[in-house]
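Q: I'd like a close look at one part here: the spaces in this protein and what surrounds them. Take your time and keep it in one connected story.

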Amino acid sequence: MTRVGTDVLVIGSGAGGATTAALLAEAGRTVTVVEEGPWIDPGAFEPFSLEEMARTYRHHGSSAALGVPPVAYAEGRCVGGSTEVNSGLWHRLPAELVEAWRRDYDIDEFTPDSLDRHAEALEAALSVRRLPGDLPPSSAVLARGAAALGWRSVEFARVFRYGPDGRAEKQTMARTMIPRAVAAGATILPGCRIDRLVTRPDGPGSRRVVAARGRRRHDDGSVGDLVIEADHVVVCCGAVQTPALLQRSGIRRGIGRGLKLHPTVKIAARFPDVLDHDDVPPYRVTEFSPAVAIGGSASRRGHVALALADSGVPFAGALADWERVFVYYAAIRSDAGGRVQALPGLRSPLVTYRLTDSDMSRLARGLVHLGELLLAAGATELYPSVTGGPVVRRVDDLGAWWDALTPARANLMTVHLTSTVRLGQDRTRTGADSFGSVWGHTNLRVNDASLVPDAPGVNPQAGVMTIAARNAEHFLATT
Ligand SMILES: Cc1cc2nc3c(=O)[nH]c(=O)nc-3n(C[C@H](O)[C@H](O)[C@H](O)COP(=O)(O)OP(=O)(O)OC[C@H]3O[C@@H](n4cnc5c(N)ncnc54)[C@H](O)[C@@H]3O)c2cc1C
């Protein structure tokens with residue numbers, strides 16, 4: 001049995017947890033971070049490789065939100081969380097959404113200006129910048145198609161540092177906030193999964209966490225019990241695992257409902273020329289944003305094979321020519337909501353998501369627009385992620401996809417999950433107050449993607465870290 005005592009316990013070491021740990025440790029607090037996954041040296045695996053998926057993703061990268069259609073999703077599970085496996089695309093929360101959320105959820109001190117101050121500091125710490133040099137061919141496809149159609153498009157910044165030789169190094173949490181936390185005295189315990197928080201009454205209508213209980217995997221492979229006693233507990237396990245842990249601990253009010261995803265359809269597009277396949281394009285077509293976002297996906301040989309297989313038609317010829325094939329996507333902000341439910345006796349929660357009819361028609365619109373764009377950029381053959389969806393070679397044939405994209409035939413995925421413990425003062429619609437304190441608990445906070453009140457319509461890491469930094473500052477000012 002391992003017993004640990006600490007001032008602040010941070011559970012989970014991803015975008016939210018690592019930011020929280022660094023800022024609290026640098027302010028002189030005694031911080032212990034527990035992370036279910038292992039420590040993996042940054043750069044140990046080829047990005048987007050099968051080996052990386054096997055070692056650093058939960059369930060080797062394949063999880064699903066059940067529904068009709070189901071939505072496949074992925075979460076990182078290692079020190080640094082999903083930031084170790086993501087594409088590092090950085091996009092601040094759109095100001096109009098921040099304003100709308102402040103009103104809808106009654107969130108105190110939540111304005112674009114107050115968040116921008118934290119975003120700027122994080123951007124300096126993570127070396128957020130644009131790609132040096134020309135756009136790679138996979139991004140140029142998006143720029144060319146948008147220009148031909150007169151659609152708005154934009155190059156994104158990423159959390160990358162570039163060496164004098166042009167070598168790019170993604171600034172993940174294991175390279176940035178985790179070392180900062182350690183340098184300021186924090187302890188990081190990899191291989192430690194918290195199963196349950198033990199709470200006791202702490203005054204009328206209020207409870208207090210007295211211990212976190214779980215299991216620790218030691219370096220020799222043995223597994224033992226783990227008990228941590230802390231003055232303050234901050235749960236940062238991500239939008240699926242955070243509500244699951246709280247529910248396993250008997251904390252259910254406002255927890256686990258309201259899950260938001262960016263449901264995504266894909267097209268494997270074949271071109272006359274060879275494209276680059278090492279990276280995800282830092283470029284996006286914003287003509288239909290925030291309802292529909294269009295961009296490029298990881299497109300190594302395995303990803304191309306999976307995307308071609310999603311079309312459910314013969315694809316041997318396209319796969320043999322995979323260096324000329326690249327995977328592009330259309331992602332929507334959906335009306336739908338989902339739910340995370342911890343089930344007794346099961347290690348993983350049940351995740352469900354119910355797409356509406358208007359979500360399905362928004363996805364079809366996204367697919368058809370994406371097809372138009374790729375043909376305008378010079379693609380010769382399009383394989384949609386719709387089982388039996390016809391392969392398209394001419395704009396006139398795109399109309400067939402409107403009918404083909406049915407709930408039974410759509411193959412959807414996402415890597416953006418949020419909103420399972422929303423923040424705000426409106427207790428009827430949130431699980432935590434304006435700064436992430438879980439309602440009804442004196443020393444329990446959430447500080448990760450779960451707090452984001454709704455789907456951001458953009459890549460979420462920047463918003464997650466910005467809100468986490470804001471809440472860490474509030475914690476330091478009030479405890
Ligand atoms: C493949 C992929 C690509 C993506 N691309 C981008 C992108 O380009 N740009 C962008 O902005 N966003 C991207 N995202 C999303 C972004 O990475 C996440 O939104 C963000 O990391 C969420 O932060 P978080 O702190 O909530 O959770 P995570 O970063 O997922 O961290 C949660 C951590 O908690 C740990 N944990 C869970 N349960 C327990 C437990 N019980 N005990 C101990 N530890 C636990 C997990 O193992 C994990 O390490 C991508 C995500 C994926 C998976």
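A: Here's a tour that starts at the ligand and moves on to the empty spaces and a few backbone details.

The model is predicted, so to speak of local features pLDDT has to be at least 70, and side-chain atom pairs count only at pLDDT 80 or more, while totals for chains, interfaces and linings use all residues. Numbering runs from 1 along each chain as its sequence is written, and side-chain values use heavy atoms, with hydrogens and water left out.

Start with the ligand. Its shell has 38 residues, and Gly16, Glu35, Ser82, Leu89 and Gln461 are the closest (a residue counts as near if one of its heavy atoms lies within 4 Å). Sorted by class, that shell holds 16 nonpolar, 16 polar and six charged residues (Asp, Glu, Lys and Arg are charged; Ala, Val, Leu, Ile, Met, Phe, Trp, Tyr, Cys and Pro are nonpolar; the others, Gly among them, are polar).

Where does the shell come from? Helix H1 (15-26), strand E11 (192-201), helix H7 (238-248) and helix H12 (461-478) each put in at least two residues, and E11 gives the most, with three (these are DSSP runs numbered from the N terminus: helices are H or I with at least four residues, strands E with at least two).

Now the backbone around the ligand's oxygen atoms. A polar backbone atom of Gln461 sits 2.7 Å from one ligand oxygen atom. For Cys78, a backbone N or O atom lies 3.1 Å from a ligand oxygen atom, and for Gly88 the distance from a polar backbone atom to a ligand oxygen atom is 3.3 Å (a polar contact is a pair of N or O atoms within 3.5 Å). Taken on its own, the ligand has 1000 Å² of accessible area, and the protein covers 96% of that (Shrake-Rupley method, 1.4 Å probe).

Next, the second largest pocket, at about 550 Å³ (on a 1 Å grid over the protein atoms alone, a pocket is an open set of points with protein on both sides within 12 Å along at least five of seven lines, a cavity is a set where a 1.4 Å probe fits but cannot get out, and lining residues have an atom within 4 Å of a point; a volume is the space filled by probe spheres set on the points, joined across faces, edges and corners). This pocket has 28 lining residues, with Gly43, Phe45, Pro47, Lys170 and Arg175 nearest its centre. By class, 12 are nonpolar, five polar and 11 charged. Helix H2 (50-56) and strand E9 (168-170) each supply at least two of the lining residues, and E9 has the largest share, three. Domain 1 (2-39 + 84-126 + 171-256 + 419-478) and domain 2 (137-167 + 263-414) each bring at least three residues to this lining (bounds from an automatic or database assignment).

Then there's the closed space. The structure holds one cavity of 30 Å³ or more, and the largest cavity comes to about 50 Å³. Its lining is made of Thr20, Leu24, Val234, Phe435, Arg445, Val446, Asn447, Asn471, Ala472 and Phe475. In class terms, that's six nonpolar, three polar and one charged. H1, strand E24 (444-446) and H12 each give at least two of them, with H12 holding the largest share at three. H1 and H12 turn up in the ligand shell too.

Last, some backbone oddments. Val68 and Pro69 are joined by a cis peptide bond, omega about 0 degrees, and Pro69 sits in the loop between strand E3 (63-65) and strand E4 (71-73). Ser289 and Pro290 are also joined by a cis peptide bond, omega again about 0 degrees; Pro290 is in the loop between strand E16 (283-285) and strand E17 (292-296). Asp106 is not a glycine, yet its phi is positive, near 55 degrees, and Asp106 lies in the loop between helix H3 (95-105) and helix H4 (112-125).

Technical notes:
Polar contact = N/O pair within 3.5 Å; in protein donor to acceptor, adjacent residues only side chain to side chain.
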